[in-house]
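I opened the notebook to look up a few things in this structure. My entries follow in the order I made them.

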Amino acid sequence: MHKIILSNGLEFMCSKTQTILEAAKLSNIAIEHSCRSGRCGVCSAPILQGDTKVVVVEESLTSRDISSGKILTCCRVPLTDIHLDVPDLGEIGSVKILTLPCRIDHIELLGDDILGITLRLPPKSNFVFFPGQYIDLINGGVRRSYSIANAPRSDGKLELQIKRVDKGLMSATLFSKTKVNDMFRLEGPLGTFSYRDDGEENIILMATGTGIAPIKALLESFTKDENQKNIFIVWGARYKKDFYLNLEPLIDKHELLLVLSRENCDGFFHGYVQDAVLSLGLDLEKTSVYACGSEVMIKNARDCLLKNGIRRSRFHSDAFVSSS
């Protein structure tokens with residue numbers, strides 16, 4: 001067993017057959033992560049001391065990342081004691097991951113290729129989650145990850161927003177065969193994407209496509225204190241028809257900027273979401289960003305905003321990676 005030491009002094013033990021991320025979770029310690037497969041890059045961590053071994057390909061690390069001493073905690077096992085330059089994320093690490101049966105409570109088309117589903121969990125299942133986290137929905141041997149699109153509700157139900165995927169096994173089932181009261185299983189909550197108070201003046205909630213689902217959950221959860229900050233919602237799509245969700249009931253005094261990358265229409269920003277963020281003219285040193293969408297969007301937005309003054313510790317992301 002080897003000791004893993006985090007930047008805030010917290011320690012946990014990790015065997016040579018466990019990834020660092022697995023060992024942290026078993027110790028009820030949360031460090032940043034999302035996909036758990038080396039593809040999203042969210043669990044990137046600078047290693048200050050010690051040696052590790054790669055057991056899963058670190059797809060999202062660049063050669064520059066590697067040369068600067070970064071690793072992915074979901075892809076590495078320790079060979080010695082390890083010092084990482086990342087902190088733990090506090091109470092989210094104590095949330096219990098459950099595997100539960102669930103039933104379809106409601107199902108509706110939200111757009112041409114977006115399905116809205118509400119899941120009903122067993123009574124007294126005590127499913128606790130942080131807005132922004134996701135679940136794995138399971139049907140037989142097929143498992144797919146979907147963000148929870150709501151803050152905790154008094155009835156305990158979970159909302160999902162699911163995009164139709166060409167030749168996708170789960171989406172084919174959900175779009176063409178699934179009915180109210182059909183039974184599935186779920187595992188969760190998963191991931192560490194959630195709001196944390198960084199002492200910022202501005203909060204930017206940035207999404208493309210169904211990345212708006214966890215953003216909706218964050219908006220529903222914001223307290224009076226968060227709502228006193230300057231909050232901007234930047235939602236990108238290819239075409240105007242792709243905006244499938246009415247956010248107006250959640251906007252309050254916040255600013256909503258809709259972004260089109262393929263279509264140029266009055267009242268919409270034309271371009272990419274990161275360019276739309278820059279157009280707001282905010283002091284990025286006083287800003288936190290919560291970005292959800294494709295891994296390409298996340299990478300491009302992170303690179304762009306870091307160059308323009310955002311602190312790396314204030315760029316929080318949940319990259320949607322394909323099941324393949």
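**Entry: cysteines**

I began with Cys75. Its sulfur lies 3.6 Å from the closest cysteine sulfur, that of Cys74, which is too far for a bond. The cut-off I used for a disulfide is a pair of cysteine sulfur atoms within 2.5 Å. I noted that this is a predicted model. I then searched the whole structure and found zero disulfides. I also looked up Cys304, which is in no disulfide. The nearest cysteine sulfur to Cys304 belongs to Cys292 and is 17 Å away.

Are these two cysteines buried or exposed? Cys75 counts as buried, at 0% relative accessibility. Cys304 is buried too, with a relative accessible area of 16%.

**Entry: helix α8**

Cys304 led me to α8, where it is one of the buried residues. The others on that list are Met297, Ile298, Ala301, Arg302 and Leu305. What do the buried residues of α8 pack against? I found β14, α7 (273–279), β18 and β19.

I checked the length of α8 next. The helix has 13 residues, and at 1.5 Å a residue it should span 18 Å. Its end C-alpha atoms are 18 Å apart, which agrees. Just after α8, I saw that Gly309 takes a positive phi of about 115°.

**Entry: the six-strand sheet**

I traced the sheet that α8 lies across. It is an open sheet of six strands with parallel pairing, in the order β17-β16-β15-β14-β18-β19. Strands β17 (269–270) and β19 (315–320) stand at the edges. Each has a single partner strand, so one side of each is left without a neighbour in the sheet.

I looked at one pair in detail. Seven bridges join β14 (residues 202–208) to β15 (residues 230–237), and the two run parallel. Thr208 has Gly236 in β15 as its bridge partner.

Which helices lie across these strands? Helix α4 (residues 212–221) lies across β14, β15, β18 (287–294) and β19, and runs at about 150° to β14. Helix α8 (residues 295–307) lies across β14, β18 and β19, and runs at about 155° to β18.

**Entry: nonpolar cores**

I looked up the largest nonpolar core, which has 25 residues. Leu205, Ile212, Ile215, Leu218, Ile233 and Trp235 touch the most other members. The elements that give two or more residues to this core are β14, α4, β15 and β18.

I followed Leu205 further. Leaving out residues up to four places away in sequence, Leu205 touches Ile215, Leu218, Leu219, Phe222, Ile231, Phe232, Ile233, Val234 and Tyr290. Another core, of 23 residues, lies apart from the largest one. Its members include Cys102, Leu121, Phe175 and Leu186.

**Entry: strands β1, β2 and β7**

I turned to the start of the chain. Four bridges join β1 (residues 2–5) to β2 (residues 11–14), and these strands run antiparallel. Ile4 has Phe12 in β2 as its bridge partner. The hairpin of β1 and β2 has five residues between the strands, and there Gly9 takes a positive phi near 90°.

Strand β1 also pairs with β7 (residues 82–84), through two bridges, and these two run parallel. Ile5 stands opposite His83 in β7.

Which side chains of β2 point to which face? Phe12 and Cys14 point to one face and are buried. Glu11 and Met13 point to the other face and are not buried. I recalled the general pattern: in a regular strand the side chains alternate between the two faces of the sheet.

**Entry: Ile92**

My last stop was a loop residue. Ile92 is found in the loop between β7 and β8 (98–111). It is buried, with a relative accessible area of 8%. What does Ile92 touch? Not counting residues up to four places away in sequence, I listed Ala30, Phe130, Gln133, Gly191, Thr192 and Ser194. I also checked Pro189, which is 97 residues from Ile92 along the chain. The C-alpha atoms of Ile92 and Pro189 are separated by 10.0 Å.

Notes:
Residues are numbered from 1 along each chain as its sequence is written. This is a predicted model: local features need pLDDT of at least 70, side-chain atom pairs count only at pLDDT 80 or more; totals for chains, interfaces and linings use all residues. Side-chain values use heavy atoms; hydrogens and water are left out. Two strands pair if DSSP finds at least two bridges between them. Contact means heavy atoms within 4.5 Å. Axes are lines fitted to C-alpha atoms, for helices over the stretch in contact, and angles run from 0 to 180 degrees between N-to-C directions. Buried means under 20% relative accessible area, exposed over 50%, partly exposed in between (1.4 Å probe, protein chains only). A nonpolar core is a set of buried Ala, Val, Leu, Ile, Met, Phe, Trp, Tyr and Cys residues joined through side-chain atoms within 4.5 Å. The expected span of a helix is 1.5 Å times one less than its number of residues.
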